[in-house]
Amino acid sequence: MSKIVLITNQKQITTPNCPFEIGTMEECVDYLKGQQYIAVDTETEGKDFTRKKIVMFQIGTKEIQYVIDTRYISIEPLRDILEDTEYHVKIFHNIKFDYKFIKSNYNIEVENIYDTMLAEGVLHCGKDKHGYSLNRLTQRYLGVTLDKEVRNKFIGLDGKPFTAEQICYGAKDVQYLIEIMETQLDQIFKLELHYVLILENKAALAFADIEYNGLCFDQDSWLKNAQVNETEVTLLEQELDQCIVDNNLDDFISNHVQLDFFTPVEDLRKVNVKWSSPMQVKNVMERHLDTSLEKVNAFELSKYKDRPFVGKYLKYKEKQKILSTYGKSFLKYVMKDGKVRTSFWQILNTGRVSSGSKEDRKPNMQNIPARNQFRNCFHARDGHSIVSVDYSGQELAIIAYGSQDPVWIKCRKNNEDLHSVCAELVFGDKWHTGDKKKLRNMIKTINFGLAYGMSKFKLSDTLNIDVDEADELIKKYFSAFPNIKAFLNKLGWYGVMNGHIKTFKPFRRIRWFENWYAGIHNSYKDFKIKGAIERASKNTPIQGTGADMIKQSMILIREEIKKNNYPCYMVTQVHDEIGVEVKDDFAEEWAHIQCELMKKAGKMIVDGFEMSVDYTITKKWSK
């Protein structure tokens, strides 16, 4: 039988529906000091930790849950327990949310954590719509359904005492966490996923720091960019209108034009096509190309991109997408303190991360165009610089290590241009007599495409060559590099035979294939599913190992900053790049420290195969 203890300075009445005792912070601290595993949760006034407050703090075990009314009682006496890195393991569900509020409200940085949501993500990576909410976990593991509607009743309390319903709700959010953890760990150890779980739990604190710190934002520069892009989109629309006229597509030209008092007659638009409407554009393109089209997306139209009209439309779509995503509407993401903050989900199918949340109004910082006109709008605080360090050819190095291809390894050790060396081996005499820049670019496309399971169709589209030519090029490539072919084939076969694939040691992250079944390797009916599993099995170990490496780098960087109390703040993580805001007089020294830490993370995975890194020190975030 579990016990609920309320800590408040208000008078509360115990009700039969939710029996609880009144206790003190001293009793709470004394009890928790002797507990190794401690469950923690918070209830807040809202989602914005920069402006909202924690109103309830719940902490305890399966046996006793302390519900603290933080409107009147400080959790400062719990600092040593929450910040302890040795003995006390703090169990959260979605640590990043609570971490930011605890840090903002009390300047306490929680350490040594276990996140039940992340553990579930590690266990079931690759499974669609699995469900990672606390309610889904209590149902799945304990057969208990939580009433999450109470969550919204903590907003606008105005000092009123908690109801029995709210007290019980808060207690239940911590009561079940330890039991869930114990059940998860049984599976974690059976599947040998303990190393990757430790990685994700520690990395979560680094991601939380990035979300907490945010990046300063120059709204004026952003609006100037938006105005330039608006002008470019308008000009492209006018050029597309002219294409209608030039190609005699009279059905899309109005015979009558609506006049108004403000627009000169010569500027009135005669073309009745809305270029942002896929359906209207589909009608235009089918007439222009004299063929039927399923869609008018970039992939479908790319085969016709040599036609000027189609090429211009594709350019318009690209510009229009940038304008709609990174135009004036982006300003909704700027917070009251003038910063932009994202939110991360750190376990995609491959183990890589995604960022952004429409629900929480957080932008996707992973997809900010890698052009300085956009990136330069994000900048360091006064007196600080941004040190950005990225792995040089991270995925290529992982392929070289995994395949042990002698040519690739030699190029890495001798710092040779891998793409040129590969092109010479693939093309032979043609390399010495042909267009070296073009041939190198073709091989470079294949080299990088290996990490994404590039097919002959994708290669054909990317290089604008026939599918047969792309197929022949891939065959020549693998003939020149049999080790790489054998490495990728081995990965593909493993996934098809076992229904999952793993990243490199020591983490060995597992990605499951939900639509796999025993015997699919012999099936002719599900050849498309088999092909998708095979491709994913080839690229996941490469991308996922890269993700493991960057997360380990973030952990080492965070630990180094905290251990030495350096004037540094992690502010970005995009693909294989980590950005740290640093005081100006320490920036150069820190850049070298960060480089060494990221190399160290690389050695933990590709042992004896040093990763190369590059760094920049800038006032503004740069590509």
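Start by selecting F217 and F378: in this predicted model, F217 stands opposite F378, a residue of strand 12. Now widen the selection to the two strands. Strand 8 covers residues 215-217, and its pairing with strand 12 is antiparallel, over two bridges.

Add strand 9 and you have the whole sheet. This is an open sheet of three strands in the order 9-8-12, paired in the antiparallel sense. Strand 9 (339-340) and strand 12 (378-379) are at the edges with a single partner strand each, so one side of each has no neighbour in the sheet.

**Next stop: strand 5**

Select residues 64-69, which make up strand 5. Six of its six residues are buried, so strand 5 is largely enclosed by the rest of the structure. Colour the two faces separately if you like: I64, Y66 and I68 lie on one side, and Q65, V67 and D69 on the other, all of them buried.

Which strands pair with this one? Select residues 3-7 to see strand 1, which pairs with strand 5 in the parallel sense over five bridges. Within that pairing, L6 has V67 of strand 5 as its bridge partner. Then select residues 54-60 for strand 4, which runs antiparallel to strand 5 and is joined to it by five bridges. Here G60 is opposite Q65 of strand 5. Strand 4 and strand 5 form a hairpin, with three residues between them.

**Then: helix 14**

Move along to residues 394-403, helix 14. Is this helix largely enclosed or left open? Eight of its ten residues are buried, so helix 14 is largely enclosed by the rest of the structure. To highlight the buried ones, pick Q394, E395, L396, A397, I398, I399, A400 and S403. Show the surroundings too: the cover over these buried residues includes strand 13 (384-391), helix 15 (406-414), helix 16 (418-427), helix 18 (436-449), helix 21 (482-498) and helix 22. Just after helix 14 comes Q404, with a positive phi near 55 degrees.

**On to helix 22**

Keep helix 14 on screen and add residues 527-564, helix 22. The two axes come within 9 Å and cross at roughly 115 degrees. Helix 14 and helix 22 are therefore roughly perpendicular to each other, and helix 14 passes helix 22 in a right-handed crossing. For the contact itself, select Q394, E395, I398 and I399 of helix 14 together with I542, Q543, T545, G546, M549 and I550 of helix 22. By class, this contact of helix 14 with helix 22 has five nonpolar, four polar and one charged residues.

Now follow helix 22 to another partner, helix 23, at residues 587-603. These two helices pack at an angle of about 135 degrees, and their axes are 8 Å apart. Helix 22 and helix 23 are therefore oblique to each other, with a right-handed crossing as helix 22 passes helix 23. On the helix 22 side, the contact is made by M549, I550, Q552, S553, L556, I557, E560 and I561. The helix 23 side supplies W590, I593, Q594, L597, M598, K600, A601 and G602. In this contact of helix 22 with helix 23 there are ten nonpolar, four polar and two charged residues.

**Last stop: L235**

Finish with L235, which is in helix 9 (residues 219-246). L235 is partly exposed, with a relative accessible area of 43%. Select F586 as well and draw a distance between the C-alpha atoms: L235 and F586 are 351 residues apart along the chain, and those atoms are separated by 47 Å.

Technical notes
Residues are numbered from 1 along each chain as its sequence is written. This is a predicted model: local features need pLDDT of at least 70, side-chain atom pairs count only at pLDDT 80 or more; totals for chains, interfaces and linings use all residues. Side-chain values use heavy atoms; hydrogens and water are left out. Axes are lines fitted to C-alpha atoms, for helices over the stretch in contact, and angles run from 0 to 180 degrees between N-to-C directions. Helices (H or I, at least four residues) and strands (E, at least two) are DSSP runs, numbered from the N terminus. Angles under 35 degrees count as roughly parallel, over 145 as roughly antiparallel, 65 to 115 as roughly perpendicular and the rest as oblique. A crossing is left-handed if the near helix is turned anticlockwise from the far one by less than a right angle, and right-handed if clockwise. Contact means heavy atoms within 4.5 Å. Ala, Val, Leu, Ile, Met, Phe, Trp, Tyr, Cys and Pro count as nonpolar, Asp, Glu, Lys and Arg as charged, and the others, Gly among them, as polar. Buried means under 20% relative accessible area, exposed over 50%, partly exposed in between (1.4 Å probe, protein chains only). Two strands pair if DSSP finds at least two bridges between them.
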